[in-house]
Amino acid sequence: MQNKGAILTFAILLAAVCFYQLSFTWVSKQIEKDAIEYAQGNPELEFQYLDSMKSEVVYNFLGLKKFTFKDVRELEMNLGLDLKGGMNVTLQVEVKDIVRAMSNYSDDETFNKALDQASESQKNSQSDFVTLFGKAFEEIDPNAKLASVFNTLELRDQVNFNTSNSDVLKIIDEQTTAAIDNAFNILRTRIDRFGVAQPNIQQLQTKGRILVELPGVKDQNRVRNLLQGTAMLEFWETYENQEVYPFMIQANAKIKEMETSTVEPAATEEAAEEVAVADTAAEGEASLLDELEAGSETDSTAGIDGLDDFKAQYPLFALLNPSTDQTGQLFPGPSIGMAHAKDMSKVDAYLNNPQVRSIFPRDMQFKWTAKSVDEAGTYYRLIALKVTTRDGRAPLDGDVITDARQGFDQFGSNPEVSMQMNSEGAKVWQRMTKENLGKSIAIVLDGYVRSFPTVNGEIPGGRSSISGLESIEEAKDLANVLKSGKMPAAAHIIQEDIVGPSLGQEAIDSGLISFIIAFALVLVYMLFFYSKNAGLAANVALIANMFFIFGILASLGAVLTLPGIAGIVLTIGMSVDANVLIYERVQEELRSGKGVKLAIADGYKNAYSAIIDGQVTTLLTGVVLYLFGSGPIKGFATTLIVGILTSLFSAIFLTRLIFEWQLKKGGRILFTSTKTENWLRNTKIKFLEKRKMFYVISGAFILLSIGSFFVRGLNYGIDFQGGRTYVVRFEENVKVADVQDALEVVFDAAPEVKTFGENNQVRITTDFKIDDNSENIDNEVEALLMKGLQDGGFIDKSVSLEQFTDDYQLSSQKVGPTISDDIRKDAAIAIVFSLIIIFLYILVRFRDWQYGLGAVAALAHDSLIVLGIFSLLYGFLPFSLEIDQAFIAAILTVVGYSINDTVVVFDRIREFIGLHPKRDREENVDLALNSTLRRTFSTSLSTFVVLLAIFLFGGATIQGFTFALLIGVMVGTYSSLFIATPIAYDTRKRIAQVVAKRKK
């Protein structure tokens, strides 16, 4: 063995680097263990302990370099959200809003139509928004000039009336890119100040999308508010309640008139009678408004007889309870009333109706308070704002804020945010407070009124504060958002994964168990099948391989996910393949009469071609997965790629070093055990003779699969169709039909409910309001989910939303329709691209396109059958068989495994044809297939056993994923023997016949 010293040196250095990288993980875990002991179950104390250790030196590496706890945590191996718990969020910055702002909110008809059309087109396109906007603008009016829209004060130096549309689009693209970069930096600042350990934030390839990973966070509502808030802070003058109320009376009359006119006269006798009754009741109940005005701050319609009649007479006041005191007098201030949360949208619809809106002054606007009146969070106030500027914007906004800090009010008990303005803002603020003595100024954040303090005196110096905050955490987050700066546009969550800490710990436990069992089974198998000499060498290489994988992952800063653990375990099975190929070739050399030393040298040399071809094709599928996957799937691809590379080094070089050392000692080396020595040895199966029978069998399975696609279809996950998924654990076993019935009431349609693991766990899938991008929609849907489960008796009604998300909701996932479309396209591209790249690789390596055709045909065969089995069996098996990103990863892994098997066979066929060119080709092919049968059995069995361990012990989260791999390994092994080679043989034979005919 040449370069033995260099290989040994490299192995030692690699081991040292891995040890160094993994040492940070060990130190970090020790500190975390100390924190748990100190806290004694108190999460707040645990956080405080870890926070206090950030700047403390906790690791002195060999006395050469000191590391603080913060340094150690940055260098330790990162656990994915599915193992540690936390949130994975994809945000979409609204480029449409940026473009509209660049035009100074132009009312140009063509411009606004183009914006709307581009926004709609983006749902089904992977092109960026600016490109789609340019196409839409050109289609709507080919003669329109963008320069006339964007010739604003801010862009006047770049755009004039002679600037072409293409040049304007380039400027827009540059400006939007800068705005998105700014949004990214603002979000990163917010997250850094939020205090999450090991956060990850990065811009994705699709323009305007930002990925945020926050491991360990528990308060998802707080995080959503932090990420989606634009920090659009505004200061508005207000109208007094008494000034607005006369217009409200007129608006109510107009609404009543409109609603009465919508009833068709004498449409039915019942309808006519109903209108008559309403009018009669209205006359006798005119005093109800007085009762309403004198009422307490509860539902305005509670306890009133003739409720339907009252609503007909007072449609607006039935929803919006006027702000009055106990004597019926209107409260001073800008609050004109309050409404139940479910009625707020209807009140907005009333007030925004053009006929109703024309009643109010043009400078009057309405906005809801951010904080509810009651503790239950069901009633909100409506505030009347006064527009005092020509452009309709607030006279003062958040751009003037130079500092924001969390503090307390004058009594020292209630949290607030104190703000400091720059000199320009201070002047405007002083003028506003001077002109509004005794009146209120509304402080509006992201479209909601946070407070509306009464001005008691002129305020110089630019000082202000926001009060009425519920907690110190809310005040800290608000100060963080204001200090980080205003987002250039709104950012909406289009994809979200949440894993609770309990489910994360269970995933760690199940992943560790499956890993240990699979690892032990492979070690025992190698000793049993290849004797203690060769088996022990393979096992030492396998152990070293595991150490290298974890060390390299830590050094790369890669994130270890549950699919990543599955990738490592799969690597165990596949790394055995290289040893199996080497050992089988060494045995062939020994049977030919060579000595052990020469047999080992020739065995390694002759196995290189098959090992490299097989591993490279699998490596290519891993690269495709990495490029087109995201989140856990990218983690799986990373471990698979690293595992393949370290497996090659360990199997080829480390085992060779061990054998060299054994030969030097003079010991006897055996490459097979007496019990397995003759297994599948010297078989004489006529594979090609039986190929038509296998064509029929495969054809039947493919037809059955295609038939199932048409009859049953596929069970698409939310990755591909959009929606929300929640995994909920109850205290007792539940029936999925009962849960479904309870949730149908709150979701307006029956969600999909399935048992997930144990009978007290369910997986709930719904597309309820998935197109709604409002800031609080995710929190609202979770509240409805909890309410439905409470009304159904599955959860106690005393449970709060925070308790529900902490104790019952184990995980949740959201995929918006836009991103689900992108996932579908990426999946299709990944599969097609992997098939093309494999075909080209085989074409280059074997210089025969028939081999490539046979391989690709076998891969298509494998994919169709796996898909068919998922189509046939979903709904019948007690685990998920959804078609999602994980399934695509499984399909591509099956592609890699199957091609690995096929390439080994092709490599032996090529060798036999080269050694025996005059022998009949069919005989050469059959001999090659028989000679690789023992290797195929050994590799497939070891891989299958490993996957079976993951399937049985890896937990419900990845059962569908591993089931696809299990089926894929069996089908892939079958196709490499009975489909790929026969198709390559028949294609070549058919071409030879056609050529022969032409020559005649």
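**Note on helix packing and strand pairing in a predicted model**

1. Helix H31 passes helix H33 in a right-handed crossing. The model under review is a predicted one. H31 covers residues 921-931 and H33 covers residues 959-999; their axes come within 12 Å and cross at roughly 165°. Angles over 145 degrees count as roughly antiparallel, and H31 and H33 are therefore roughly antiparallel to each other.

2. The contact between these two helices can be described residue by residue. On the H31 side, Arg-921, Glu-922, Val-925 and Leu-929 take part, and H33 contributes Ser-976, Leu-977, Thr-981, Tyr-985 and Arg-988. Sorted by class, the contact of H31 with H33 comprises 4 nonpolar, 2 polar and 3 charged residues.

3. A separate point concerns an open sheet. Its 3 strands follow the order E12-E13-E16, with antiparallel pairing. Strand E12 (401-408) and strand E16 (463-466) are the edge strands, each pairing on one side only. On average, neighbouring strands of this sheet are turned by 25° against each other, direction ignored. Strands of a sheet pair through backbone hydrogen bonds, in either a parallel or an antiparallel manner.

4. Within this sheet, strand E13 (residues 415-421) pairs with E16 over 4 bridges, in the antiparallel sense. Ser-418 stands opposite Ser-465, a residue of E16. Helix H17, which spans residues 423-435, lies across E13 and E16 and runs at about 110° to E13. An angle of 65 to 115 degrees counts as roughly perpendicular, so H17, at about 110°, is roughly perpendicular to E13.

5. Strand E8 deserves its own comment. E8 comprises residues 335-340 and is mostly covered, with 5 of its 6 residues buried. Strand E10 (residues 379-386) is joined to E8 by 5 bridges, and the two run antiparallel. One pairing can be named: the bridge partner of His-340 in E10 is Tyr-379.

6. The last point is a single residue, Ala-601, which has its place in helix H21 (residues 596-628). Is Ala-601 buried or partly exposed? Buried means under 20% relative accessible area and exposed means over 50%; Ala-601, with a relative accessible area of 26%, is therefore partly exposed. Ala-601 and Glu-660 are 59 residues apart in sequence, and their C-alpha atoms are 10.0 Å apart in space.

Key:
Residues numbered from 1 in each chain as written. Predicted model: local features only at pLDDT ≥ 70, side-chain atom pairs only at ≥ 80, totals over all residues. Heavy atoms only, no water. Buried < 20%, exposed > 50% of the residue type's maximum accessible area, 1.4 Å probe, protein only. Pairing = 2+ DSSP bridges. Axes fitted to C-alpha atoms, helices over the stretch in contact; angles between N-to-C directions. Parallel < 35°, antiparallel > 145°, perpendicular 65-115°, else oblique. Left-handed = near helix turned anticlockwise from the far one by under 90°. Contact = heavy atoms within 4.5 Å. Nonpolar A, V, L, I, M, F, W, Y, C, P; charged D, E, K, R; others polar.
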